[in-house]
Amino acid sequence: GTMTVGDLAKLLHKDASEVIKKLISLGIMATINQEIEMEAILLIAAEYGSEVEVKIPVEEDDFEKDEEKDEEADLLPRPPVVTIMGHVDHGKTTLLDAIRKTNVTGGEAGGITQHIGAYQVEINQKKITFLDTPGHEAFTLMRARGAQVTDITIIVVAADDGVMPQTVEAVNHAKAAGVPIIVAVNKIDKPEANPDKIKQELTEYGLVPEEWGGDTIFVNVSAKQRIGLEGLLEMILLVAEVNDYKANPDKRARGTVIEAELDKGKGPVARILVQHGTLKIGDAFVAGNCFGRVRAMVNDRGRRIKEAGPSTPVEITGLTEVPQAGDPFMAFEDERKARAIAERRAIKHRQSELGANTRVTLDDLYKHIKDGEIKDLNVIIKADVQGSNEALKGSLAKIDIEGVRVKIIHNGVGAITESDIILASASNAIVIGFNVRPEPQAMATAEQEKVDIRLHNIIYNVIDEIEQAMKGMLDPVF
Ligand code: GDP
């Protein structure tokens with residue numbers, strides 16, 4: 001419901017006249033008995049640094065709630081969803097294109113492949129879904145928005161090159177997400193290819209091949225000459241079988257927006273991955289803060305389809321606005337309800353932008369520890385030289401205060417990049433820069449995502465600061 005200016009002032013323990021002045025300064029003319037809009041309430045609360053919670057009845061929102069209602073018997077196997085990552089020029093795009101053309105059964109041969117953000121291939125009567133945007137940035141950006149769409153990551157390493165900085169980033173991003181990794185050693189057609197060197201180098205990052213006693217699957221491929229692709233697909237199916245990915249196709253659809261844009265002819269279009277249930281033509285839905293009704297659905301072969309089940313990528317039209325990549329998607333029984341939920345979600349979104357801060361920072365670390373909310377402090381380290389990195393890693397590993405440990409989810413040499421910040425945001429981590437600074441774009445993103453960056457040039461100070469923060473004894477910074 002709404003409230004009057006007087007009610008709000010009381011709630012905030014402020015004089016009504018003061019609140020009215022604030023409202024005026026925001027361009028809102030109001031008297032004490034006037035009812036004010038939710039938007040204004042949020043703005044005023046944010047001005048005073050208060051958190052207001054907009055109560056949304058659970059049965060009306062909550063994209064997660066019907067998750068646990070699935071009976072074991074309702075769950076059926078679904079195709080695994082795969083993302084390809086790796087260093088630039090190691091062959092991610094070529095591999096994605098080569099796999100796209102490997103549609104062995106050809107059941108739908110002749111269909112013109114259409115870019116809808118993801119595609120499916122079939123091997124041994126089983127389907128695999130590939131996300132079409134390679135790279136860990138896209139992957140982690142989705143995760144930072146709360147979307148977990150990938151089941152398996154393929155890390156591509158060029159056999160004529162070796163493990164490069166972005167290879168390591170990709171490994172750490174996949175690990176931080178807890179997603180299984182398959183290594184595709186690419187470009188084995190090249191005379192200078194040395195797959196064993198890649199295996200050797202990756203053991204340093206915890207990826208040990210099976211033949212050396214580890215549990216990481218390595219597959220030699222040539223994306224360009226199309227060698228080893230079926231073997232790679234079979235390994236994906238193997239990992240899928242072990243992990244037993246399932247979903248209930250027999251309920252209202254839920255999924256994630258992979259891409260969205262305003263099309264000149266079609267209006268807003270969203271390319272979504274259905275993750276649970278089945279999406280049908282005519283379904284009312286919410287995507288992020290947008291709503292609509294599925295007018296048309298097109299699959300990755302450019303065919304119009306009437307239904308899309310779990311792990312199926314589709315392009316839909318019928319939205320009122322353009323949602324964002326990573327937005328959750330859910331079908332509802334009627335459009336009126338979908339609209340109401342979209343509107344409430346928009347308010348909630350505005351509210352979280354205004355301040356409700358759930359990211360961990362060193363300043364509020366102690367509170368999170370006391371409340372039992374965190375057991376590991378996730379940290380990303382960027383340093384000027386590898387030596388400092390190692391020294392910091394060693395010292396931080398020794399910290400153990402009341403059972404809370406430091407967990408280094410990524411470390412590297414060089415400036416703090418936007419990709420580091422997005423990883424921090426997705427993993428609720430803080431970022432330590434040692435003798436390095438953030439790139440301007442990283443700085444801006446950190447501000448937006450409320451990621452805590454700490455810059456130091458003395459190792460002792462890093463350790464001291466983290467220990468003090470864990471004990472709740474950090475001096476406030478003014
Ligand atoms: P990305 O930046 O990781 O997406 O890499 P690309 O797919 O764009 O590939 C970079 C370059 O490597 C291109 O010139 C490709 O033709 C080449 N390339 C990719 N895969 C192979 C391969 O298996 N063998 C050879 N010889 N070249 C490849």
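Where does Thr-150 lie? In this predicted model, Thr-150 is found in the loop between α5 (136-144) and β7. The report starts from that loop and then turns to the ligand shell, the aromatic pairs and several other sites.

## Thr-150 and its surroundings

Thr-150 has a relative accessibility of 6% and therefore counts as buried, the limit being under 20%. Its side chain is joined to the side chain of Thr-83 by a polar contact of 2.7 Å. Beyond residues up to four places away in sequence, Thr-150 touches Val-81, Val-82, Thr-83, Leu-131, Phe-139 and Val-179.

## Ile-152 in strand β7

Ile-152 belongs to strand β7, which spans residues 152-158. With a relative accessible area of 0%, Ile-152 is buried. Leaving aside residues up to four places away in sequence, the contacts of Ile-152 include Pro-80, Val-81, Val-82 and Thr-83. Val-179, Pro-180 and Ile-182 are also among the residues that Ile-152 touches, as are Ile-236, Val-239, Ala-240 and Tyr-245.

Ile-152 can also be placed relative to Ile-421: the two residues are separated by 269 residues in sequence and by 23 Å in space, C-alpha to C-alpha.

## The ligand and its shell

The ligand is surrounded by 15 residues, of which Asp-89, Lys-92, Thr-93, Thr-94 and Asp-189 are the closest. By class, this shell comprises two nonpolar, seven polar and six charged residues. Helix α4 (residues 92-100) gives the most to the shell, with three residues.

Oxygen atoms of the ligand are approached by both backbone and side-chain atoms of the protein. A backbone N or O atom of Asp-89 is 2.7 Å from a ligand oxygen atom, and a backbone N or O atom of His-90 is 3.4 Å from a ligand oxygen atom. For Thr-93, an N or O atom in the side chain lies 2.6 Å from an oxygen atom of the ligand. On its own the ligand has 570 Å² of accessible area, and the protein covers 76% of this.

## Packing of helix α4

Which residues of α4 are buried? They are Lys-92, Leu-95, Leu-96, Ala-98, Ile-99 and Arg-100. Lys-92 is thus buried and also one of the closest residues to the ligand.

The buried residues of α4 pack against the strands β4 (81-86), β5, β6, β7 and β8 (181-186). They also pack against helix α8 (229-243).

## Aromatic pairs

How many aromatic pairs does the structure hold? There are two. Tyr-119 and Phe-130 form a stacked pair, with 5.6 Å centre to centre and 25° between the planes. Tyr-119 is in strand β5 (residues 118-123) and Phe-130 is in strand β6 (residues 126-131), 11 residues apart. Both Tyr-119 and Phe-130 are buried.

The ring centres of Phe-285 and Phe-329 are 5.0 Å apart and the planes are at 25°; this pair is therefore stacked, as planes under 30 degrees apart count as such. Phe-285 lies in strand β14 (residues 284-287) and Phe-329 in strand β18 (residues 328-332), so the pair ties together parts that are 44 residues apart in sequence. Both Phe-285 and Phe-329 are buried.

## Further loop residues

Thr-216 is located in the loop between α7 (195-203) and β9 (217-220). Its relative accessible area is 5%, so Thr-216 is buried. Outside the residues up to four places away in sequence, Thr-216 touches Ile-181, Val-183, Gly-206, Leu-207, Val-208, Pro-209 and Glu-210. Leu-26, in the loop between α2 (16-25) and β2 (35-36), counts as partly exposed at 33% relative accessibility. Leu-26 touches Leu-43, Ile-44 and Glu-47, not counting residues up to four places away in sequence. Leu-26 and Asn-248 are 222 residues apart in sequence and 48 Å apart in space, C-alpha to C-alpha.

Two loop residues other than glycine have a positive phi. His-13, in the loop between α1 (5-11) and α2, has phi near 55° and is exposed, with a relative accessible area of 72%. Asn-435, in the loop between β22 (429-434) and α13 (440-449), has phi near 60°. Asn-435 is partly exposed, with a relative accessible area of 43%.

Key: Residues are numbered from 1 along each chain as its sequence is written. This is a predicted model: local features need pLDDT of at least 70, side-chain atom pairs count only at pLDDT 80 or more; totals for chains, interfaces and linings use all residues. Side-chain values use heavy atoms; hydrogens and water are left out. A residue is near a molecule or strand if one of its heavy atoms lies within 4 Å of it. A polar contact is a pair of N or O atoms within 3.5 Å; within protein, one must be able to donate a hydrogen and the other to accept it, and residues adjacent in sequence count only if both atoms are side-chain atoms. Accessible areas come from the Shrake-Rupley method with a 1.4 Å probe; for residues, only the protein chains shown count as cover. Helices (H or I, at least four residues) and strands (E, at least two) are DSSP runs, numbered from the N terminus. Ala, Val, Leu, Ile, Met, Phe, Trp, Tyr, Cys and Pro count as nonpolar, Asp, Glu, Lys and Arg as charged, and the others, Gly among them, as polar. Buried means under 20% relative accessible area, exposed over 50%, partly exposed in between (1.4 Å probe, protein chains only). Contact means heavy atoms within 4.5 Å. Rings of Phe, Tyr and Trp (its six-membered ring) pair if their centres lie within 6.5 Å; planes under 30 degrees apart count as stacked, over 60 as edge-to-face and the rest as tilted.
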